[in-house]
Amino acid sequence: MGDTSNRGKYTNPEGSATWEYLSTVGCALLTFCIGCICGWSSPSLAILRKPDSPITLSDEDASTMSALTAIGHMLAPAIIILTTDRLGRRISLLASGLPMLICFGLIIVAKDSSVILLGRFFGGISLGFGTAVVPMYLGEIASPKLRGAIGITISTTISGGSLFMSIIGPYLSLKTTAYVTLSFGIAALGGLWFVPESPYFLVMVGKMKQAERTLEKLRGKTDVSEEMNLIKKTIGFENNAGKGWERRRNKPNLNVINALKQLVTVSKNLKALIINFLFIFVSHFGGCTVILVYGQIIFADMKTAIPGHVCYIILGILQFISTFLAVFIVDRIGRRPLIFISGIISGTCFLIVGVYFWLMEYGHMDVVSYSMIPFCALLAGMGTLSIGILPVTLVVQSETLDTDIKAIATSLLGVGSGLLAAITLKYYLMIATVWNFGHSVPFTVFALCIWFSTALILKLLPETKGRTFLEIQRNLAA
C-alpha cells in the first residue's frame, strides 16, 4: 500500500496508464532514431555508389560499411552488462542514444569514406544498445494487458524511422539528412530524461519504497501491493531479502558468472535464450536485414519499371503499415498464430523471388516482363514478416527472459545478432555482385531458414498473450 499522502494524486480507483504511455513515447523517439540508422544505408549507398558522388564507395567498401554497423551492434552488449544491472534501465536508455549522436555528427563532418565508416560503427553500437535496453525497460514497466501493444511500438517506430529515411534520403544530401536525424536524436534524449526507472530494477537493488512509488506512478493508483509482491516473487527477492544483490554489487564479476551459470543450467532460461536466438536468426538469415540495407540494389537488379528508390519507399510504407497493424493484432490473436502465418507466407514469397532470379541468372531467360511478380512477392514477404515475426521478436524478448539473467541474455543475443548481421551484410553483396552468384541463391536460403526457424519456434514457445511474467516462466519450465 502506498503512502496516504499520495492518494490525492490518483483519483481513479481503476488506475491510469498515462505514465506507461508517456514512457513509451520517450522510448519511441529513441527507436525512431534507431530506425533512421537502419534506413540510412539503402538510399545513402545508392548516392555513394554514383560516380559523381563527392565521397564514393565500391561494392566491397559498401559491404564493409554495412558489416561495421553490425560489428558495432555486436560490441554493444559489453556496455549493456556494465550499465543495466548496475546503473539502471533509465540511465542505460540515455546512454544508448549517445553513440547515435556521434554517428550522425561524424557523417556531417565527413570528407572521406573512412569517417563515414567510423560513424556507422557508432551507429551500430547505438542500434545494438537501444534494441536490447528498450524492450527490457518497456517489458518491466508495462502492465500485462498493455505489454503486447507497447512492445510492438518498438518495431512500429523502427519501421517509421526507416521509412522516413527512405523518403528523405534520395532527395537530400548526406549532410542534411544527418542534421535532421541528429535533431531527432537530441529530442529523444530530452524525452528519456523524464521517464521513471523500472520498478523491477529498483526491487532488484533493494529500493522498495522507491519501487512502490514508481509503480504507483506508472499504474496511476496507490494500491499496488499485489503487483509489488508479484515483482518480488519474480525476482526472488523474498527468498534472500535482497542480500544477494549486495553480494553481486560488491563482486560484479560473480554477478556475471552466476547469471551465465543460471542461463545454461536452468532449463527455462536456456529455452528462452534458444527461442529468442531463433527470432534473431530469422531477422538476419531470413533476409530482412539484407533487404533493408540493399533494397535499392535488389530492386534495380529485378529490372522493374519502377525506379529503385521508389520501390524502396513503397517497401518502407508497407512495412510501417504492417507493423502498425500488428499493434492491434498481437494481443487479440496471440503470438503463435502470427508467427505461423508470417513464417509460411514470407518463406513462400522469398522462394518466388529466388526462382525469378534463378530463371534470369542461370536459366538466361528474358523474364523482365514478369518483374512485377517478384516485386509483389518481396513486398508481401516483408509485409508478413513485419506484421508477425519481426514485431513479435521484441515482445517475446521482453516477456520470456527472467529478470536475473535478462542483462546477460540480452547481451549474448546482441552479440549473436551483430555477428549474424555482419555475416549476411558483408557476404550478400559479395555473393550477388562481386562473385557473380546472383540473388537467386541467397533468396532460396532465406526461404529455407524462415521455414526451419518458424517450425522450431512454434515447437518451443508457449503462448504468452495476457500472461504475467511468473506464468510465462512456469510455462517455459514445463
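Here are legends for a handful of close-ups of this predicted model.

**Close-up 1. Helix α9 and its two sides.** Start with α9, which runs over residues 225–235. Met 228, Ile 231, Thr 234 and Ile 235 are the buried ones to pick out here. These four sit on the same side of the helix, because they cover an arc of only 125 degrees around its axis. Swing round to the other side of α9 and you meet Glu 226 and Lys 233, both exposed.

**Close-up 2. The largest pocket and what lines it.** This one holds about 520 Å³ of space. Its lining takes in 27 residues, and those nearest the centre are Ser 143, Pro 144, Arg 219, Lys 221 and Glu 227. Which elements give two or more residues to the lining? They are α4 (113–141), α5 (144–168), α8 (208–219), α9 and α21 (469–477). Helix α9 turns up again here with the largest share, five residues. As for chemistry, the lining splits into ten nonpolar, seven polar and ten charged residues.

**Close-up 3. Phe 164 and its two ring partners.** The model has 14 aromatic pairs in total, and two of the pairs involving Phe 164 are shown here. With Phe 32, the ring centres are 5.7 Å apart and the planes stand at 50 degrees, so call this pair tilted. Phe 32 belongs to helix α1 (residues 18–48) and Phe 164 to helix α5, which makes this a link between distant parts of the chain, 132 residues apart. With Phe 184, the centres are 5.5 Å apart and the planes are at 90 degrees, so that pair is edge-to-face. Phe 184 lies in helix α6 (residues 174–192), so its pairing with Phe 164 of α5 ties together parts 20 residues apart in sequence. Are these two rings buried or exposed? Neither, quite: Phe 164 is partly exposed at 23% relative accessibility, and Phe 184 is partly exposed too, with a relative accessible area of 29%.

**Close-up 4. A cluster of aromatic residues.** Seen together here are Tyr 294, Phe 350, Tyr 356, Phe 357, Tyr 428, Phe 443 and Phe 446, which form one aromatic cluster.

**Close-up 5. Charges over tryptophan rings.** Two spots to look at here. Lys 217 lies over the face of Trp 19, at 4.0 Å from the ring centre. Arg 90 does likewise with Trp 193, lying over its face at 5.0 Å from the ring centre.

Notes. Residues numbered from 1 in each chain as written. Predicted model: local features only at pLDDT ≥ 70, side-chain atom pairs only at ≥ 80, totals over all residues. Heavy atoms only, no water. Buried < 20%, exposed > 50% of the residue type's maximum accessible area, 1.4 Å probe, protein only. Arc of directions from axis to C-beta. 1 Å grid on protein atoms, 1.4 Å probe; cavity = no way out; pocket = protein on both sides within 12 Å on 5 of 7 lines; lining within 4 Å. Points joined across faces, edges and corners; volume = space filled by probe spheres on them. Nonpolar A, V, L, I, M, F, W, Y, C, P; charged D, E, K, R; others polar. Phe/Tyr/Trp six-rings, centres within 6.5 Å; stacked < 30°, edge-to-face > 60°. Lys NZ or Arg CZ within 6 Å of the ring centre and 35° of its normal.
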